[in-house]
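Dear colleague,

I am handing over the structure below, and after it you will find a short account of what was found in it. Please read the account with the structure open beside you.

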Amino acid sequence: MSTDGEVVGEHGGIHNFTVGQRKGLGIATGSPLYVIQIKGDARQVVVGDQEELYSRTLRVHRTNLISVEDLRSRCE
């Protein structure tokens, strides 16, 4: 499925894909497509262009920054 909801192909299981993956998608559209999102509950792989991969957020859990003395926002 594309980011606008159009079904562009079928797959043999979401376990075969990784977010950011470009090769091995099995579909041709004339321009490179990337895996943007994997919706496990719906068994859908969402694809889009490279610009749609970018994000301004990062969500982490139990991160250990051993080599970082002080962590500051670049927005300060």
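A residue counts as buried when its relative accessible area is under 20%, as exposed when that area is over 50%, and as partly exposed in between. Arginine 62 has a relative accessibility of 77%, and therefore it counts as exposed. Please keep in mind throughout that this is a predicted model.

Arginine 62 belongs to the segment after strand S2, and its backbone deserves a look as well, since the residue has a positive phi of about 55° although it is not a glycine. Arginine 43 likewise is not a glycine and has a positive phi of about 55°, but this residue is placed in the loop between S1 and S2. With a relative accessibility of 67%, which is over the 50% cut-off, arginine 43 is also classed as exposed.

That loop leads to the two strands. Strand S1 covers residues 34–39, while strand S2 covers residues 44–48. The two strands run antiparallel and are joined by 5 bridges, and they form a hairpin with 4 residues between the strands, in which arginine 43 is the residue that takes the positive phi near 55°. If you wish to follow the pairing residue by residue, you may begin with tyrosine 34, which stands opposite glycine 48 in S2, and then go to isoleucine 38, whose bridge partner in S2 is valine 45.

How much of strand S2 is buried? Of its 5 residues, 4 are buried, so that the strand is mostly covered, with "buried" meaning a relative accessible area of under 20%. As background for looking at the strands, the side chains in a regular strand alternate between the two faces of the sheet.

Alanine 42 is another residue of the loop between S1 and S2, and its relative accessible area of 41% makes it partly exposed. In sequence, alanine 42 is 28 residues away from isoleucine 14, and in space the two are 9.9 Å apart, C-alpha to C-alpha. Isoleucine 14 itself is located in the segment before S1 and is partly exposed, having a relative accessible area of 26%. A second separation has been computed for isoleucine 14, this time to serine 67, which is 53 residues away along the chain, and here the C-alpha atoms are separated by 35 Å.

The segment before S1 also holds proline 32, a partly exposed residue with a relative accessible area of 45%. Proline 32 lies 19 residues from glutamate 51 in sequence, and the distance between them in space is 11 Å from C-alpha to C-alpha.

Which residues form the negative surface patch? They are Asp4, Glu6, Asp49, Glu51 and Glu52, so the glutamate 51 just mentioned in connection with proline 32 is one of the residues of this patch, in which Asp and Glu count as negative. Glutamate 6, another of its residues, is found in the segment before S1. Its relative accessible area is 47%, and glutamate 6 is therefore partly exposed, a value that is also over the 30% which residues of a patch need. Between glutamate 6 and glycine 26, which are 20 residues apart along the chain, the C-alpha atoms are separated by 16 Å.

With kind regards

Notes
Residues are numbered from 1 along each chain as its sequence is written. This is a predicted model: local features need pLDDT of at least 70, side-chain atom pairs count only at pLDDT 80 or more; totals for chains, interfaces and linings use all residues. Side-chain values use heavy atoms; hydrogens and water are left out. Patches are made of residues with over 30% relative accessible area and no salt bridge: like charges are joined within 9 Å, nonpolar side chains (Val, Leu, Ile, Met, Phe, Trp, Tyr) within 5 Å. Accessible areas come from the Shrake-Rupley method with a 1.4 Å probe; for residues, only the protein chains shown count as cover. A salt bridge is a side-chain nitrogen of Lys or Arg within 4 Å of a carboxyl oxygen of Asp or Glu. The place of a charge is taken as NZ of Lys, CZ of Arg, CG of Asp or CD of Glu. Buried means under 20% relative accessible area, exposed over 50%, partly exposed in between (1.4 Å probe, protein chains only). Two strands pair if DSSP finds at least two bridges between them.
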